[in-house]
Amino acid sequence: SGRSLLTGILILLTALGLYAAARTTSAFAVERIAVAGTSADVAEQVRRAVAPARGESLLGLDLADLRRRAETVPMVATATFDRNFPHVLEILVVPEVPVAVLRQGSSSWLVAAGGRVVAELARGERAALPRIWLQADVDLRVGERVGDVHLRAVEAVAPLAGRPLPRGITSVVATEGQLTL
């Protein structure tokens, strides 16, 4: 009937109005950012990266932007988000898996399976991981990915991470057309 249709439209408009109001008020504002799946240090870095979400409505968050922000933390491979009403933004982090140490002179960096440089290391740290030796002209920065030849070296040792071998791989040298483990 016409009356039922009018009632349905009024209910729908009321719901849309309440949703719009909830997006703009502090009723569902982010007060706490909870991070799981990683170490306390990385969790704190993720919280700082997504800090602009604090005070924003859980309903109005741009989750794609927050994911990009969280994934700028070098040890974060991916991040997923959940809105825990009324005031908590939950983030589940899948950490990068370190597979090798990049060496260049006296400098060392930790590199993950996908070729992303995740941390600078002190000499001798992570002794159980294979060393990939770099030429002096290679420029590295934490958070960036290694290039062509060195990416092949990382990809070669990545499947071996955490697998017992009769002897460990201690050194990896990658040149054009040749990979030596």
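# Salt bridges and sheet packing

Biologist: At 6% relative accessibility, does R116 count as buried or exposed?

Modeller: The model is predicted, and in it R116 has a relative accessibility of 6%. The buried class covers values under 20%. Since 6% falls in that class, R116 counts as buried.

Biologist: With which residue does R116 form a salt bridge?

Modeller: A salt bridge requires the nitrogen to lie within 4 Å of the carboxyl oxygen. The closest N and O atoms of this pair are 3.6 Å apart, and the partner of R116 is E96.

Biologist: How many residues apart are R116 and E96?

Modeller: R116 is in the loop between β5 (107-112) and β6 (117-121), and E96 is in the loop between β3 (88-95) and β4 (98-104). The pair therefore links distant parts of the chain, and the separation is 20 residues.

Biologist: With a relative accessible area of 11%, is E96 buried or exposed?

Modeller: The relative accessible area of E96 is 11%, and the limit for the buried class is under 20%. The value satisfies that limit, so E96 is buried.

Biologist: Which residues do salt bridges that share partners join into one network?

Modeller: One salt bridge in the model pairs R47 with E44. Salt bridges with shared partners extend into a single network made up of E44, R47 and R48.

Biologist: In which helix do R47 and E44 both lie?

Modeller: The closest N and O atoms of R47 and E44 are 3.6 Å apart. R47 has a relative accessible area of 25% and E44 one of 33%, so each is partly exposed. The two residues are three positions apart, about one turn, in helix α2.

Biologist: How far apart are the closest N and O atoms of R69 and D65?

Modeller: R69 and D65 are four residues apart in helix α3 (residues 63-70), so about one helical turn separates them. Both count as partly exposed, R69 at 32% and D65 at 26%. Their salt bridge has its closest N and O atoms at a distance of 3.1 Å.

Biologist: How many salt bridges does the count come to?

Modeller: The pairs described above, including R69 with D65 and R116 with E96, belong to this count. The limit of 4 Å between nitrogen and oxygen applies. The count comes to six.

Biologist: In which order do the three strands form an open sheet?

Modeller: The pairing within the sheet is mixed. The edge strands, each pairing on one side only, are β1 (32-36) and β2 (76-84). The order is β1-β3-β2.

Biologist: How many degrees does the twist average from one strand to the next?

Modeller: In the open sheet, β2 and β3 run antiparallel and are joined by eight bridges. From one strand to the next, the twist averages 25 degrees.

Biologist: What angle does the direction of α2 make with that of β1?

Modeller: Helix α2 packs on the sheet and touches β1, β2 and β3. Helix α3 lies across β2 and β3. The direction of α2 makes an angle with that of β1 of about 140 degrees.

Biologist: Which residue stands opposite V93 in β3?

Modeller: V93 counts as buried at 3% relative accessibility. Residues that V93 touches include V35, V46 and V76. A77 is 16 residues from V93 in sequence and 7.5 Å away in space, C-alpha to C-alpha. The residue standing opposite V93 is A79.

How values were computed
Residues are numbered from 1 along each chain as its sequence is written. This is a predicted model: local features need pLDDT of at least 70, side-chain atom pairs count only at pLDDT 80 or more; totals for chains, interfaces and linings use all residues. Side-chain values use heavy atoms; hydrogens and water are left out. A salt bridge is a side-chain nitrogen of Lys or Arg within 4 Å of a carboxyl oxygen of Asp or Glu. Buried means under 20% relative accessible area, exposed over 50%, partly exposed in between (1.4 Å probe, protein chains only). Two strands pair if DSSP finds at least two bridges between them. Axes are lines fitted to C-alpha atoms, for helices over the stretch in contact, and angles run from 0 to 180 degrees between N-to-C directions. Contact means heavy atoms within 4.5 Å. Lists of a residue's contacts leave out its neighbours within four places in sequence.
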